Amino acid sequence: MAYSDKVVDHYENPRNVGSFDKGDESVGTGMVGAPACGDVMKLQIKVNSETGVIEDARFKTYGCGSAIASSSLVTEWVKGKTLDQAAALKNSEIAEELALPPVKIHCSILAEDAIKAAVDDYRKKHVAALTN
Ligand code: FES
Ligand code: FES
């Protein structure tokens, strides 16, 4: 199967690889796995607590080229977005941008699930902080 130029570019030059301290209260962490193939993706956001805007993002993905490209793309897209905007991101937008073939759609779903999980984690931390 031929990968699109954008997949190859993100795979060869992944943006924002790495991780933030999970315990940092400005950080939300999403870790998801794809049952179909066993790939695992960790995506983290760093949020400005005053503005609610995502200032930075990191990922670590143990998976195929499309999963790596999807997570790299998402870390670029969410910077400067609000939590609501980031949580509204659709896998179809990722798949379209990267021109993913049908068998690789689940790789983009993994990235959508990971960003949603990261937003949820950040929100849970902050609800907990308010009620403590
Ligand atoms: Fe091979 Fe995902 S199935 S890396
Ligand atoms: Fe499973 Fe890409 S093949 S995430």
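Visitor: What is the orientation of H1 and H2 to each other?
Guide: The axes of helix H1 (residues 5–12) and helix H2 (residues 65–78) come within 8 Å and cross at roughly 80°; helices (H or I, at least four residues) and strands (E, at least two) are DSSP runs, numbered from the N terminus. Those axes are lines fitted to C-alpha atoms, for helices over the stretch in contact, with angles running from 0 to 180 degrees between N-to-C directions. Under 35 degrees counts as roughly parallel, over 145 as roughly antiparallel, 65 to 115 as roughly perpendicular and the rest as oblique. H1 and H2 are therefore roughly perpendicular.

Visitor: Before we go on, what sort of model is this?
Guide: Numbering starts from 1 along each chain as its sequence is written, while chains are lettered from A and ligands numbered from 1 in the order in which they are written. Local features need pLDDT of at least 70, side-chain atom pairs count only at pLDDT 80 or more, and totals for chains, interfaces and linings use all residues, this being a predicted model.

Visitor: Back to the helix pair: how do the residues of the contact of H1 with H2 divide?
Guide: On the H1 side you've got Lys-6, Val-7, His-10 and Tyr-11, meeting Gly-65, Ser-66, Ile-68, Ala-69, Ser-72 and Leu-73 in H2; contact here takes C-beta atoms, placed from the backbone, that lie within 7 Å. Ala, Val, Leu, Ile, Met, Phe, Trp, Tyr, Cys and Pro count as nonpolar, Asp, Glu, Lys and Arg as charged, and the others, Gly among them, as polar. That splits the contact into five nonpolar, four polar and one charged.

Visitor: How far apart are the end C-alpha atoms of H2?
Guide: The expected span of a helix is 1.5 Å times one less than its number of residues. For the 14 residues of H2 that should give 20 Å, and the model agrees, because its end C-alpha atoms are apart by 20 Å.

Visitor: How many of the residues of H2 are buried?
Guide: A residue is buried if 20 or more other C-beta atoms lie within 10 Å of its own, exposed if 12 or fewer, and partly exposed in between, with C-beta atoms placed from the backbone. Ser-66, Ala-69, Ser-72 and Val-78 are among the buried ones. H2 is mostly covered, and the count of its 14 residues that are buried is 11.

Visitor: Which residue with positive phi follows H2?
Guide: Look just past the helix for a phi near 90°. The residue there is Gly-80.

Visitor: How many other C-beta atoms lie within 10 Å of Ser-71?
Guide: Ser-71 sits in helix H2. Skipping residues up to four places away in sequence, Ser-71 touches Met-41, Leu-43, Phe-59, Thr-61, Ala-111 and Ala-114. His-10 is 61 residues away in sequence, yet its C-alpha is 9.0 Å from that of Ser-71. Ser-71 is buried, because its count of other C-beta atoms within 10 Å is 30.

Visitor: And how far apart in space are Thr-75 and Glu-112?
Guide: Thr-75 also belongs to H2, and it is buried, with 26 other C-beta atoms within 10 Å. Its contacts, beyond four places in sequence, are Arg-15, Asn-16, Leu-43, Ala-57, Arg-58 and Phe-59. Glu-112 lies 37 residues from Thr-75 in sequence, and the C-alpha to C-alpha distance is 11 Å.

Visitor: Asn-16 caught my eye; what is its phi?
Guide: Asn-16 is in the loop between H1 and strand S1 (27–33). With 17 C-beta neighbours inside 10 Å, Asn-16 counts as partly exposed. Most residues other than glycine have a negative phi. The phi of Asn-16, though, is positive, near 65°.

Visitor: Which residue in the loop between H4 and H5 counts as partly exposed?
Guide: That loop connects helix H4 (91–98) and helix H5 (105–131). Leu-100 is in the loop but is buried, with 23 other C-beta atoms within 10 Å. The partly exposed one has 13 C-beta neighbours inside 10 Å and is Ala-99.

Visitor: How many C-beta neighbours does Ala-118 have inside 10 Å?
Guide: Ala-118 is part of helix H5. Setting aside neighbours within four places in sequence, Ala-118 contacts Gly-28, Thr-29, Gly-30, Leu-43, Gln-44 and Ile-45. Ala-118 counts as buried, its number of C-beta neighbours being 30.

Technical notes. Two residues are in contact if their C-beta atoms, placed from the backbone, lie within 7 Å.
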